[in-house]
Amino acid sequence: MKRQWYYRGSLKSCNYSCSYCPFSKRAYSRQNIQKDQEAFLRFTDHMVKQQNGGAVQVVPYGEALIYPYYWKGLAALSKSPAIDAVGAQSNFSFPVGQMLAVYQKHGGDMGKLRLWGTFHPEMTSVGQFAQQCHLLEEHGVSYCAGAVGIPQQMEKIRMLRAALPDFVYLWVNKMDGLGRRYTDGEVRDFTEIDGFFLQELKHYRADTAVCADSRFVEADGTMRRCNISRQSLGKFYDGSDGAGERLQSCKKKECGCYLAYCNRKDAAAPFFLPYPAFRIPVYPKALFFDIDGTLVPEGKMRIPERTAQWLAYLAKRCEIFLATSLPLEASKRKLAPVWHMVRGGVFANGGRWRIQRHSGEGGCMDVVVPMETYWLERAKEKGKAYGFTVHVYRKGKDIYKVTLSFRRTKKGMQMLGQKSLVRDLEIPSSCQVLWEGNCMQVTKKGTGKLEGVLEICKEMGYQKGDVMAFGDSENDRAMLEYFSKEG
């Protein structure tokens with residue numbers, strides 16, 4: 001994640017009059033608008049002069065994009081080589097052609113423009129809002145659209161989803177003040193519209209240790225880490241970017257909205273990197289998922305319905321692969337409802353990898369990495385004494401993984417210790433041993449999740465940047481670190 005800059009000026013008025021919004025009740029004078037204009041252009045001038053890098057998102061109280069000076073300021077920012085993208089939150093009520101002409105007149109880079117549009121059913125129809133979106137498409141503008149997840153507005157939000165192209169992300173924000181939890185049916189329906197709606201329902205405990213290097217700047221230059229933070233990082237115009245300020249404990253209990261939790265280094269919004277602020281997802285060609293603890297909760301035997309629904313959403317946009325220490329057969333059982341969506345994956349901790357090719361591509365590729373097994377008889381003889389059961393995984397005559405499952409007391413490990421047990425069982429150096437829970441897993445040396453994923457990438461022609469990986473254990477670390485690094 002790169003540095004995200006947010007700007008909120010003194011503007012606190014809107015051309016809409018939604019019943020729930022306080023800013024629609026405020027009348028703004030010319031003096032107020034002039035003050036807001038001076039503050040925003042001061043901000044943009046300082047950003048350009050200081051050559052601050054990253055991306056800038058305007059997050060106003062009210063509607064900013066009906067004013068030409070915001071387009072002028074965004075244009076100035078977009079011309080800076082240090083700034084990768086610029087944008088603003090809006091209700092999309094502005095005259096598209098007229099305002100984009102202002103942006104271009106001042107040298108605005110259309111390729112850097114990112115807009116976030118909120119649909120307000122009280123103030124506009126689905127057709128009118130969708131028409132504004134189509135005009136933005138005609139001008140080549142990248143944007144997202146969305147609405148608050150009000151159950152009573154479900155049908156209108158569905159209609160909007162149908163009115164927009166599939167490639168446009170339509171988000172649904174959870175509704176604050178609903179007074180009850182969403183029903184299972186409502187969650188299911190909203191997730192069909194927005195595959196990331198479950199992300200909105202999570203509780204992200206505030207933690208300064210995972211705060212990314214974002215900056216939220218107000219009209220007077222006060223800097224904070226995000227829109228809900230109350231800790232000042234100094235003044236933007238004093239020449240400091242706040243990097244030297246030590247973050248104290250956050251006074252908020254949770255990162256309670258998208259603009260807060262998208263700034264977390266623990267990748268609360270991984271599909272929206274490197275600039276989650278714009279809420280425009282970037283889908284890789286392939287996704288690799290660990291199973292236990294990632295797709296299936298620990299101790300459970302099957303993927304939960306909500307997770308299956310999310311995976312189905314992603315499968316329409318990316319190829320789905322697995323990276324698991326489970327054997328193929330166990331993986332099929334745990335992911336039975338979604339198995340038809342899986343293109344293949346790495347199984348048995350790299351002892352086997354598989355690609356299910358599409359029709360006309362040459363069928364299935366199923367590769368095992370056989371291991372030396374002369375030690376197996378000794379292991380079976382020692383099993384009762386040490387308290388483990390031997391499980392052998394094979395394809396034909398080739399054995400590619402052996403698991404020793406210990407009873408809960410882990411008697412063998414207590415008696416000898418892990419290294420001594422490996423020696424006593426005479427497991428050769430050509431094998432590698434991985435301990436997970438109460439299991440000792442043995443495969444050929446040099447196998448692993450990352451190694452298997454790289455084999456699949458080679459066969460499929462994927463580059464490093466084409467892939468994202470997900471896991472939750474030490475066994476996933478090498479894979480996660482490799483695909484999280486740039487380059």
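This passage describes the overall make-up of one predicted protein chain, its two open sheets and two of its buried residues.

The model is predicted, and local features are therefore reported only at a pLDDT of at least 70, with side-chain atom pairs counted only at pLDDT 80 or more, whereas totals for chains, interfaces and linings use all residues. Residues are numbered from 1 along each chain as its sequence is written, and side-chain values use heavy atoms, with hydrogens and water left out.

The chain has 15 helices and 20 strands, where helices (H or I, at least four residues) and strands (E, at least two) are DSSP runs numbered from the N terminus. Along the principal axes, the C-alpha atoms fill a box of roughly 90 × 50 × 45 Å. Of the 487 residues in the chain, 51% are buried, a term that stands for under 20% relative accessible area, with exposed meaning over 50% and partly exposed the range in between (1.4 Å probe, protein chains only). The accessible surface comes to about 23000 Å², and 49% of this surface belongs to carbon and sulfur atoms; these areas come from the Shrake-Rupley method with a 1.4 Å probe, and for residues only the protein chains shown count as cover. Among contacts (heavy atoms within 4.5 Å) between residues at least 6 apart in sequence, 67% join residues at least 24 apart.

One open sheet is formed by 8 strands in the order β8-β7-β6-β5-β3-β1-β9-β10, with mixed pairing, two strands being taken to pair if DSSP finds at least two bridges between them. Strands β8 (170-173) and β10 stand at the edges with a single partner strand each, so that one side of each is left without a neighbour in the sheet. Strand β5 (residues 83-90) is mostly covered, as 7 of its 8 residues are buried. This strand is joined in parallel by 5 bridges to β3 (residues 54-58), where valine 56 has valine 86 of β5 as its bridge partner, and it also pairs in the parallel sense over 5 bridges with β6 (residues 113-118), where alanine 88 is matched with leucine 115. Between β5 and β6 the chain passes through helix α3 (residues 96-105), and this β-α-β crossover is right-handed, meaning that, with the strands pointing away from the viewer, the path from the first strand over the helix to the second runs clockwise. Strand β6 is in turn connected by 5 bridges to β7 (residues 142-148), again running parallel, and the bridge partner of tryptophan 116 in β7 is cysteine 144.

Elsewhere in this sheet, β1 (residues 4-8) and β9 (residues 215-218) pair in the parallel sense over 4 bridges, with tryptophan 5 opposite arginine 215. The pairing of β9 with β10 (residues 223-224), by contrast, is antiparallel and spans 2 bridges; phenylalanine 216 stands opposite arginine 224 there. These two strands form a hairpin with 4 residues between them, and glycine 221 in the turn has a positive phi of about 95°. Helix α1 (residues 30-50) lies across β1, β3, β5 and β9 and runs at about 160° to β1, axes being lines fitted to C-alpha atoms, for helices over the stretch in contact, and angles running from 0 to 180 degrees between N-to-C directions.

A further open sheet consists of 4 strands in the order β16-β17-β19-β18, with antiparallel pairing. Its edge strands are β16 (388-395) and β18 (431-436), each of which pairs on one side only, and the twist averages 20° from one strand to the next. Strands β18 and β19 (residues 439-444) pair over 6 bridges in the antiparallel sense, and tryptophan 435 has methionine 440 in β19 as its bridge partner. Helix α11 (residues 376-386) packs on the sheet by touching β16 and β17 (398-406), and its direction makes about 150° with that of β16.

Two individual residues were also examined. Lysine 334, in helix α10 (residues 328-334), is buried, with a relative accessible area of 11%. The side chain of lysine 334 makes a polar contact with the side chain of aspartate 292 at 2.6 Å, a polar contact being a pair of N or O atoms within 3.5 Å of which, within protein, one must be able to donate a hydrogen and the other to accept it, while residues adjacent in sequence count only if both atoms are side-chain atoms. Tyrosine 313, in helix α9 (residues 305-315), is buried as well, at a relative accessible area of 9%. Tyrosine 313 and glutamate 192 are 121 residues apart in sequence but 7.6 Å apart in space, C-alpha to C-alpha.
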